[in-house]
Amino acid sequence: MPLFDSLFNFARWLAQNREEAEDLVQETYAKAIKGFRSFQPGTNFRAWMFRILRNTFLNSRTGLKTSMTVALEDDDPAAQAVTAETPESLLLNSTTQRLIQEAIEKLPVIFREVVLLCDVEEMSYQEISEALSIPIGTVMSRLARARKALREELSKTL
Amino acid sequence: MACDLWRSKIDAYADNELAADEMRAFSAHLDACSSCAADALRAVQWKRTVQAAGKRFSPSLELRQRIEEQIAPPKKHAVGAAWLPRFAVAAMLLVALLLAGRAWLSFERKSSLGELADLHVSTLASSSPLDVVSSDRHTVKPWFEGKIPFTFSLPDDLSPFMLLGGRVTYVDQSPGAHLLFQLRQHRVSVFIFQDRFEWSRYFEAGDALSKHLSFSIETWSEGGLRYFVIGDVGAQDIQALSQRIKDAARS
């Protein structure tokens, strides 16, 4: 079940708890079976499954406690500016990997989920838009801000 | 377009979200601007680094079995009409997962090709792209001995391609040979690795010759080795170089 590993990894990052991630994945498949009639053939199945998972998380105890807003507006032009600054000597060793994982954990959920779907799952902006039910422009803006936040967090520690 | 405007598209470039004509124009700019090429390389490397770090958690076997039992069709055969819709839905979900499996193979194929395209770009952007600089195959090929766990053959006559040299490269921490060739104003990379089971799955299911971003890529397996030829030249040129290398390997 290829989506299974990806869904679990995503759930684990969202919930930050193994047991809750397992419950989320199990509930996602249960809802997928129950609601399969609502899936429109020809649309993106992967985005549909991730949307179910994400919505299940939002309705969970942890999800309800999670803030899904950030201080600045999503369409803040300054937030869309791309910075090419990347911490130097970004070697993929175990220390860097751990620091990046810690930085991802610290991201607000709305930034964490776009980074995971784009960089880890390599979804297109369109797929992410469908999975998160947000416009493509918001996907791009959140990605830019999430990446900026990750780089800044890493710059403090490297 | 000024560099500042191109830089605003670097994230979209790294995410493979530029439209085809924009991608061509952007690639042409990268060929001419080493500063933007370095920034693009950093963006691609950053994405790969986050991707590797993000693939952190794996589900337990127990959870997998629980889910499989959950979505499997019920063992009882339909006695009444009540069982049939659930069976039909479960069967449809299994079909969808099978289709997702094919999409996953396609995704993994694309991911592997993307990684190689990144290695090709990073070499072009590097100030010291090669560890052994020579157009003589009798110099380049022996240089790899002891550095990689296999040997390979190069053709005697490579024209119109010119061998520039090579370096040791790594994919998933496995060493391989990266050879760089020149054809007119273009650079073409040839990567050679020990073949792997998953590559056979990803690439046998698709075309040997494909496009990734603005690059043409050909891949094949021969004698336990996996070859990748990648460059921004036309497909015919990629195929021509590939055929030379295949003939050398078989001779």
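Here are some notes on the two chains of this predicted model and on two helix pairs between them.

1. A word on conventions. Residues count from 1 along each chain as its sequence is written, and chains are lettered from A, with ligands numbered from 1, in the order in which they are written. Because the model is predicted, local features need pLDDT of at least 70 and side-chain atom pairs count only at pLDDT 80 or more, while totals for chains, interfaces and linings use all residues; side-chain values use heavy atoms, leaving out hydrogens and water.

2. Chain A is a pleasant place to begin, with nine helices and zero strands (DSSP runs numbered from the N terminus: H or I of at least four residues for helices, E of at least two for strands). Of its 158 residues, 53% are buried, meaning under 20% relative accessible area with a 1.4 Å probe, protein chains only. Its accessible surface is about 7200 Å², and carbon and sulfur atoms hold 50% of that (Shrake-Rupley method, 1.4 Å probe). Among contacts in chain A with a separation of 6 or more, 69% join residues 24 or more positions apart; contact means heavy atoms within 4.5 Å.

3. Chain B brings in strands: seven of them, alongside nine helices. It has 251 residues, 47% of them buried, and exposes about 12400 Å², with 52% supplied by carbon and sulfur atoms. Residues 24 or more positions apart make up 58% of the chain B contacts with a separation of 6 or more.

4. Now to the first helix pair. The axes of α2 (residues 18–34) of chain A and α5 (residues 61–71) of chain B come within 10 Å and cross at roughly 15° (axes are lines fitted to C-alpha atoms over the stretch in contact, with angles from 0 to 180 degrees between N-to-C directions). This makes α2(A) roughly parallel to α5(B), a label for angles under 35 degrees. Residues in the contact include A:Val25, A:Tyr29 and A:Ile33 from α2(A), and B:Leu63, B:Ile67 and B:Ile71 from α5(B). By class, the contact has seven nonpolar, two polar and two charged residues (Ala, Val, Leu, Ile, Met, Phe, Trp, Tyr, Cys and Pro are nonpolar; Asp, Glu, Lys and Arg charged; the others, Gly among them, polar).

5. The other pair joins α9 (residues 136–157) of chain A and α4 (residues 34–54) of chain B, whose axes come within 13 Å and cross at roughly 80°. That makes α9(A) roughly perpendicular to α4(B), the term for 65 to 115 degrees. Here A:Arg147, A:Leu150, A:Arg151 and A:Leu154 meet B:Trp46, B:Lys47 and B:Val50. This contact counts four nonpolar, no polar and three charged residues.

Methods
Parallel < 35°, antiparallel > 145°, perpendicular 65-115°, else oblique. Buried < 20%, exposed > 50% of the residue type's maximum accessible area, 1.4 Å probe, protein only.
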